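Colleague: I would like to learn how to read a model of this kind. Could we go through it one feature at a time?

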Amino acid sequence: MPDCLFCRIMRGEVPSKKIYEDEHTFAFEDINPQGPTHVLIIPKKHIAGLKEATADDTELIGRCHLTAARIAKERSIEDGYRTVLNVGPRAGQSVFHLHVHLIGGRTLHWPPG
Ligand code: AMP
Ligand code: ZN
């Protein structure tokens with residue numbers, strides 16, 4: 001999608017600190033980190049968000065989470081991390097290209113705000 005911020009980051013049109021890329025997923029540092037690790041993992045296919053995803057996207061959503069787990073392992077934060085999808089504006093979704101937040105490297109409290 002031409003005007004989507006995260007599609008533009010993937011194409012290298014907007015600078016980012018890339019962490020990982022494979023055939024289906026792309027990961028980069030969040031610009032406003034909420035912990036020592038805060039990485040965003042996105043599918044290369046433009047999907048607006050979880051509620052716009054269809055059964056065709058099942059594998060892709062799983063792949064995003066497995067990319068998050070791989071990065072968490074590489075960073076040795078497996079003693080506690082969180083993967084989060086904010087869905088809709090009231091949950092704080094501000095970019096409408098599906099993304100998994102990987103947050104860790106500090107103690108995480110529950111419930112989140
Ligand atoms: P959400 O609020 O769940 O839609 O998450 C969007 C995330 O994207 C926020 O955590 C922002 O800090 C992050 N973000 C926005 N613009 C950029 C950017 N140019 N590079 C990296 N992360 C960004
Ligand atoms: Zn996009």
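**A side chain and its contacts**

Modeller: Start with a polar contact: the backbone oxygen of Ala48 lies 3.1 Å from a polar atom of the side chain of Gln93. Keep in mind throughout that this is a predicted model.

Colleague: Which other backbone oxygen lies 3.2 Å from a polar atom of the side chain of Gln93?

Modeller: That of Val95. Gln93 itself belongs to the loop between E4 and E5.

Colleague: Is Gln93 buried or exposed?

Modeller: The term buried is kept for residues under 20% relative accessible area. Gln93 has 7%, so it counts as buried. To place it against another part of the chain, take Ile61: the two are 32 residues apart in sequence, and their C-alpha atoms are 17 Å apart in space.

Colleague: And Asn86, where is it found?

Modeller: Asn86 is also in the loop between E4 and E5. Its relative accessible area is 24%, which makes it partly exposed, because that class runs between 20% and 50%. Sequence distance and spatial distance should be read separately here: Asn86 and Gly49 are 37 residues apart in sequence, while their C-alpha atoms are 8.5 Å apart.

**The ligand**

Colleague: How many residues surround ligand 1, and which are the closest?

Modeller: There are 16, and the closest are Asp30, Asn86, Gly92, Ser94 and His101. By type, the shell divides into seven nonpolar, seven polar and two charged residues.

Colleague: Which secondary-structure element gives the most to that shell?

Modeller: Helix H1, with three residues. H1 spans 5-10, and strand E2, at 25-29, also supplies at least two residues of the shell.

Colleague: Which polar contacts should I look for around the ligand?

Modeller: Look at the oxygen atoms of the ligand and find the polar protein atoms beside them. One oxygen atom of ligand 1 is 2.6 Å from a polar backbone atom of Ser94. On the side-chain part, a polar atom of His99 lies 2.9 Å from an oxygen atom of ligand 1. For His101, an N or O atom in the side chain is 2.8 Å from an oxygen atom of the ligand.

Colleague: How much of the accessible area of ligand 1 does the protein cover?

Modeller: On its own, ligand 1 has 500 Å² of accessible area, and the protein covers 83% of it. The space that ligand 1 takes is the largest pocket.

**Backbone geometry**

Colleague: What should I check in the backbone angles?

Modeller: Look for departures from the usual pattern: most residues other than glycine have a negative phi, and most peptide bonds are trans. In this model, Ser76 has a positive phi, near 55 degrees. Ser76 sits in the loop between helix H2 (58-74) and strand E4 (81-84). Its relative accessibility is 63%, so Ser76 counts as exposed, the cut-off being over 50%.

Colleague: Which two residues does a cis peptide bond join?

Modeller: Trp110 and Pro111, with omega about 0 degrees. Pro111 is in the segment after strand E5, which covers 100-104.

Terms used: Residues are numbered from 1 along each chain as its sequence is written. Chains are lettered from A and ligands numbered from 1 in the order in which they are written. This is a predicted model: local features need pLDDT of at least 70, side-chain atom pairs count only at pLDDT 80 or more; totals for chains, interfaces and linings use all residues. Side-chain values use heavy atoms; hydrogens and water are left out. A residue is near a molecule or strand if one of its heavy atoms lies within 4 Å of it. A polar contact is a pair of N or O atoms within 3.5 Å; within protein, one must be able to donate a hydrogen and the other to accept it, and residues adjacent in sequence count only if both atoms are side-chain atoms. Accessible areas come from the Shrake-Rupley method with a 1.4 Å probe; for residues, only the protein chains shown count as cover. On a 1 Å grid over the protein atoms alone, a cavity is a set of points where a 1.4 Å probe fits but cannot get out, and a pocket is an open set with protein on both sides within 12 Å along at least five of seven lines; lining residues have an atom within 4 Å of a point. A molecule sits in a cavity or pocket if more than half of its atoms lie within 2 Å of its grid points. Helices (H or I, at least four residues) and strands (E, at least two) are DSSP runs, numbered from the N terminus. Ala, Val, Leu, Ile, Met, Phe, Trp, Tyr, Cys and Pro count as nonpolar, Asp, Glu, Lys and Arg as charged, and the others, Gly among them, as polar. Buried means under 20% relative accessible area, exposed over 50%, partly exposed in between (1.4 Å probe, protein chains only).
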